[in-house]
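Student: Could you take me closely through one part of this model, the sheet and the residues that bear on it, and say what the cysteines and the burial values add to the picture?

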Amino acid sequence: MSEKKIWIVFTIGLILCILSGCGDSTPTGEMVNRQKSVTEQNEMLEIPVGSSQVKNEEQDTKKTFPILSELREEVKEELGERYWPEIPLSEEELEQKTGISRDMYIEYLAENADTEANVDMMIIIHAKEDYVGTVEQALEDYRIRMIEENRKYPQNWCKAEASRMETIENYVCFVQLGADTSIVSGKGKEDIISYCLEENERAVDILEKAIFR
């Protein structure tokens, strides 16, 4: 066979191969189906903003805050009849007594006894991040003032001396408890203070457990 004929046969064969789609090329229809499948898989893997999964993850990491009234009830349950603060303080009364103003906290709970002759009190301040130290100082100043003002009243002075302030995360707690101290009043001031300290420690312990729960 002449070189010319060979070249013609080769050229015709090449053209037929191209037209018939020889080789490993994937048919157009199959390529479309594969692309559709990959797209669907990608869409399934993507998590759009605001989806339930994102919300669940946010809920898992979101900080929950204790309800102050529930903290109060747990302390009251622990102390029973020895918890005397029953009268809530308004925002104005709280600021007047302690100097803690509304812009310093997220929420608060403050109660004192129902008679002016008794100094039993519990204050829980959920302080704003930037005001934790300010609230601590205000309550410490209030504590010192209570000690000075009650020097002429031995039982109340002992309660003020035994009062406790504790900061638990951003919760600044002030407890000045003791209720009826007559059962130890005959033993001297040190015994009254020790008795009140025990009551205050019990309250603080309950608050710590409840806030960290």
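Tutor: A residue counts as buried when its relative accessible area is under 20%. In this predicted model, C173 has a relative accessible area of 1% and is therefore buried. The number 173 falls within strand β5 (residues 171-176), which runs antiparallel to strand β3 (residues 121-127) and is joined to β3 by six bridges. Within this pairing, M122 stands opposite V175 in β5. The wider arrangement is an open sheet of five strands, with antiparallel pairing and the order β1-β2-β3-β5-β4. Since β1 (87-88) and β4 (164-168) stand at the edges with a single partner strand each, one side of each is left without a neighbour in the sheet. Across β1, β2 (105-112) and β3 lies helix α5 (residues 91-98), which runs at about 80° to β2.

M122 also leads to helix α4 (residues 68-79), where R72 has its place. Leaving aside residues up to four places away in sequence, R72 touches M122 as well as Y83, P85, E86, L109 and E111. With E86 there is also a polar contact, made between the two side chains at 3.1 Å. R72 has a relative accessible area of 9% and so counts as buried.

As for the cysteines, a search of the whole structure finds zero disulfides. C158 is in no disulfide, and the nearest cysteine sulfur, that of C196, is 6.8 Å away, whereas a disulfide requires the two sulfur atoms to be within 2.5 Å. C158 has 0% relative accessibility and therefore counts as buried.

Technical notes
Residues numbered from 1 in each chain as written. Predicted model: local features only at pLDDT ≥ 70, side-chain atom pairs only at ≥ 80, totals over all residues. Heavy atoms only, no water. Buried < 20%, exposed > 50% of the residue type's maximum accessible area, 1.4 Å probe, protein only. Helix = DSSP H or I, 4+ residues; strand = E, 2+ residues; numbered from the N terminus. Polar contact = N/O pair within 3.5 Å; in protein donor to acceptor, adjacent residues only side chain to side chain. Contact = heavy atoms within 4.5 Å. Pairing = 2+ DSSP bridges. Axes fitted to C-alpha atoms, helices over the stretch in contact; angles between N-to-C directions.
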